[in-house]
Amino acid sequence: MAAAPGSKDYGSLSIAVQYYSMPELVCIVPPTVFIPQPNVESAVIKLKVREQPPVEIPDEAHYFEVVQASFAQRRKTISNNLKARFFTKENREQADVLLEQAGIQPSRRGETLSLQEYATLSTVMWEAGVRAAL
């Protein structure tokens with residue numbers, strides 16, 4: 001939830017949590033305090049709800065559709081994930097054009113984009129009239 005872009009723990013949940021709140025790692029809880037013991041450490045996170053989101057976007061639902069589509073298949077590029085969700089065969093090349101307009105290389109993966117980059121991308125797509133093709 002508090003992960004930064006580029007880390008393996010960063011995902012659509014991190015973006016949603018950071019959009020609505022300011023997460024802070026309080027402490028790490030070792031597996032030895034649980035019965036049965038998990039194979040991972042746990043974390044206690046403090047969330048301070050934001051008065052306003054940290055980015056400006058024209059449509060919140062569209063923003064989160066773009067985010068979710070970008071993480072649909074983590075090993076794919078953002079271009080391929082967006083093409084699968086928002087574009088038909090006839091207009092797939094528009095995806096790369098819009099990514100370039102947003103200042104994002106089409107070869108990047110969704111987990112490398114910041115909240116602001118997602119805001120810029122969703123705004124560019126919104127203004128171009130691109131909505132989910134589903």
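# Notebook: helix contacts and charged pairs

Entry 1, E65 and its partner. I looked up E65 before anything else and found this residue partly exposed, with a relative accessible area of 25%. I note for all that follows that I am reading a predicted model. When I asked which residue pairs with E65, I found a salt bridge to R85, whose closest N and O atoms lie 3.6 Å apart. Since R85 belongs to helix α3 and E65 to helix α2, the bridge ties together parts that are 20 residues apart in sequence. R85 is also partly exposed, at a relative accessible area of 23%.

Entry 2, the packing of α2 on α3. The bridge led me to the two helices themselves, α2 covering residues 60-70 and α3 residues 78-86, which pack at about 120° with 8 Å between their axes. The 65 to 115 degree range is what counts as roughly perpendicular, and I therefore record α2 and α3 as oblique to each other. I entered the crossing of this pair as right-handed. On the α2 side the contact is made by H62, E65, V66, A69 and S70, and on the α3 side by I78, N81, L82, R85 and F86, a list in which I found both members of the bridge from the previous entry. Sorted by class, the contact holds 5 nonpolar, 3 polar and 2 charged residues.

Entry 3, the other salt bridges. How many salt bridges are there in the count? I get 3, and I went through the remaining ones in turn. K83 and D96 meet through their side chains, with 3.5 Å from N to O, and this pair links distant parts of the chain, K83 sitting in helix α3 and D96 in helix α4 (residues 93-101), 13 residues apart. Is K83 buried or exposed? Its relative accessibility is 14%, and because the limit for buried is under 20%, K83 counts as buried. D96, by contrast, is partly exposed at 25%. The other bridge joins R108 and E117, with the closest N and O atoms 2.8 Å apart. R108 counts as partly exposed at 23% relative accessibility, and E117 is likewise partly exposed, with 23% as its relative accessible area.

Entry 4, helix α1. I next listed the buried residues of α1 (residues 12-20), which are S14, I15, V17, Q18 and Y19. These buried residues pack against both strands, β1 (21-29) and β2 (42-49), as well as against α2 and α5 (115-127). S12 also lies in α1, but I found S12 partly exposed, with a relative accessible area of 31%. Which residues does S12 contact, once its neighbours within four places in sequence are left aside? They are V67 and F71. For the pair S12 and V67 I looked up the C-alpha separation as well, and it is 6.2 Å, although the two are 55 residues apart along the chain.

Entry 5, S122. I turned to S122 in helix α5 and found this serine buried, with a relative accessible area of 1%. Leaving aside neighbours within four places in sequence, S122 is in contact with I57, H62, Y63 and V66. I recognised H62 and V66 from the α2 side of the contact with α3, and they are thus listed in two places in my notes.

Entry 6, a peptide bond. Most peptide bonds are trans, and I therefore marked down the exception that I came across. The bond joining I35 and P36 is cis, with omega at about -10°. P36 is found in the loop between β1 and β2.

Entry 7, the chain as a whole. I closed with the overall layout, which has 5 helices and 2 strands and reads α-β-β-α-α-α-α along the sequence. The C-alpha trace spans about 55 × 35 × 25 Å along its principal axes. Of the 134 residues, 34% count as buried. Taking the contacts with a separation of 6 or more, I find that residues 24 or more positions apart account for 59% of them.

Notes. Residues numbered from 1 in each chain as written. Predicted model: local features only at pLDDT ≥ 70, side-chain atom pairs only at ≥ 80, totals over all residues. Heavy atoms only, no water. Axes fitted to C-alpha atoms, helices over the stretch in contact; angles between N-to-C directions. Parallel < 35°, antiparallel > 145°, perpendicular 65-115°, else oblique. Left-handed = near helix turned anticlockwise from the far one by under 90°. Contact = heavy atoms within 4.5 Å. Nonpolar A, V, L, I, M, F, W, Y, C, P; charged D, E, K, R; others polar. Buried < 20%, exposed > 50% of the residue type's maximum accessible area, 1.4 Å probe, protein only. Salt bridge = Lys/Arg side-chain N within 4 Å of Asp/Glu carboxyl O.
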